[in-house]
Amino acid sequence: KLGKDKQLVDESVLIGCTEENEAQFSLDLGEIEQSEVEQLCGGVFVDLRKAFFLLRAHEAPLVAKGQALLRWHQSHKFCSATGQPTFRNQSGSQRVCHSSGFTYYPMMAPVVIVLVSDGNRCLLGRQATFPPGMYSALAGFCDMGETVEETVHREIAEEVGLEVQSLQYSGSQHWPFPQSSFMVACHATVNPDKTEVSVDKVELDDARWFTLEEVTEALQRKKPPRNPKGEPPTFWVPPSYAIANRLISEWAQQQQLKLKRS
Ligand SMILES: NC(=O)C1=CN([C@@H]2O[C@H](COP(=O)(O)OP(=O)(O)OC[C@H]3O[C@@H](n4cnc5c(N)ncnc54)[C@H](OP(=O)(O)O)[C@@H]3O)[C@@H](O)[C@H]2O)C=CC1
Ligand SMILES: [Mg+2]
C-alpha cells in the first residue's frame, strides 16, 4: 500500500543487500498516521533503544544503519557553504549542492569504549541518563587529530583519574546514538597498585570496580531488571547488541580461564 506513494519510495535509502541478493531499503514514514501503519503491518512502533532488546542479532545493525542514514538526510538538506538546498543521489549515499559543487557524505563520530581491568576486577561507570542500575564500559569521543590510543589515555584519566598501562583492540560497531558514532572497543589495564578511582561528576554519576561474580550475574540478566521502589537498583549491563556487552563478556571469559588455569 505504501509502495504506491511515489514520493515516499523516492525518499527511501538503500542500506544493504541480503545473501539472496535482495536490496534492502529504509523508509521514513514521515507524516503518516502511526496507528494506521501499525494496523496494516500488525506491529507497534518502538523506541530504537528499547527495540535493541527485542531485535535478533542480524537485524539490529540493519535497523541502526537505516535510522542513522535517514536522520543524516533529514539534517543535511542544505549546503553549509551556500545555504542552498542539497540533492540526494538515487541510493541515498550522498547529497550534492549544485551551487557550490560540494558533495556531502554521511559521517560518523569516532568514539572509544574501554573496559579497564586491574587484573582481578573491571571498572564500569554510569551516566546520570542511564536506566537505574545499568553500568557500562567507559566511553568518549575522539578529539580532532587524536589517535585512538591518545583518546583512551585522555578519557580514562579525565573520567576516573587512572593511568592506562596497556591497550588491546577488541572490535568496532556503528552506534546510532546520539548521532552516528563509530565505536572502537578496547580492553585496557591499569597498575593494580594504583586503582583509586576519582570520578568526574560532570560526566559520570558513578564509576566503580566490579568483581567477576558480580559481572557474571549481571551478564545473565537478559532484560532490564524490575527495580522495586525504595530498594537499591539491581546491577545490570547493556544488552548483547551493544559492544560494551561484548567487552564485558570477553573480560569475564578471560577471568574464568585464568581461574581454571590457576
Ligand atoms: N555501543 C555501546 O556499547 C555504548 C555506546 N556508548 C556511546 O558512546 C558515546 C560516547 O560516550 P560519552 O561517555 O557520552 O562521551 P564523552 O565522554 O566524550 O562525553 C560526552 C560529551 O563529549 C562532548 N562531545 C565531544 N565530541 C562530541 C560529538 N562528536 N558528539 C557529541 N558530543 C561530543 C559533549 O560535551 P560538550 O557538549 O560539553 O562538548 C558530550 O556531552 C555516546 O554517544 C554513547 O551513546 C556508550 C556506552 C556504551
Ligand atoms: Mg564518557
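Here is a short walk through the model, stop by stop, with what to select at each one.

**Getting your bearings**

What you have open is a predicted model. Colour it by confidence to start: the chain averages a pLDDT of 93, and 99% of the residues score at least 70. For the model as a whole, the scores are ipTM 0.94 and pTM 0.91.

Next, colour by domain. Residues 2–74 make up domain 1, 76–106 domain 2 and 109–261 domain 3. If you put a distance between the C-alpha centres of domain 2 and domain 3, expect 38 Å.

**Stop 1: a hairpin in domain 1**

Select residues 13–17 and 23–26, which are strands β1 and β2; they pair in the antiparallel sense over 4 bridges. Click on Leu14 and look across to β2: its bridge partner there is Phe25. Now follow the 5 residues between the strands, where Asn21 takes a positive phi near 65°.

**Stop 2: a three-stranded sheet**

Jump to β3, β4 and β5, an open sheet of 3 strands in that order, with antiparallel pairing. Which strands sit at the edges? Those are β3 (87–88) and β5 (103–104), each pairing on one side only. Zoom in on β3 and β4 (residues 95–96), which are held in antiparallel register by 2 bridges. Show side chains here and you'll find Arg88 opposite Arg95 of β4.

**Stop 3: helix α5**

Over to domain 3 (109–261), where you can pick out α5, residues 148–160. Its end C-alpha atoms are 18 Å apart, which agrees with the 18 Å that 13 residues should span at 1.5 Å a residue.

Which residues of α5 are buried? Select Thr151, Val152, Arg154, Glu155, Ile156, Glu159 and Val160. Then turn on the strands around them: the cover includes β6 (109–117), β7 (122–126), β8, β9 (164–175) and β11 (206–210). Just after the helix comes Gly161, with a positive phi near 70°.

**Stop 4: the magnesium ion**

Finish by centring on ligand 2, the magnesium ion. Its protein donors are the O of Ala139 and the OE of Glu159, at 2.1 to 2.2 Å from the ion. These two come from distant parts of the chain, 20 residues apart: Ala139 is in strand β8 (residues 138–141), while Glu159 belongs to α5.

Is each donor buried or exposed? Ala139 is partly exposed, at 26% relative accessible area. Glu159 counts as buried because its relative accessible area is 3%, and the cut-off for buried is under 20%.

Note on methods:
Residues are numbered from 1 along each chain as its sequence is written. Chains are lettered from A and ligands numbered from 1 in the order in which they are written. This is a predicted model: local features need pLDDT of at least 70, side-chain atom pairs count only at pLDDT 80 or more; totals for chains, interfaces and linings use all residues. Side-chain values use heavy atoms; hydrogens and water are left out. Donors are N, O and S atoms within 2.8 Å of the metal (3.2 Å for Na, K and Ca); water is not among the atoms, so sites may look incomplete. Buried means under 20% relative accessible area, exposed over 50%, partly exposed in between (1.4 Å probe, protein chains only). Domain bounds come from an automatic or database domain assignment. pLDDT is the predictor's confidence in each residue, from 0 to 100. Two strands pair if DSSP finds at least two bridges between them. The expected span of a helix is 1.5 Å times one less than its number of residues. Contact means heavy atoms within 4.5 Å.
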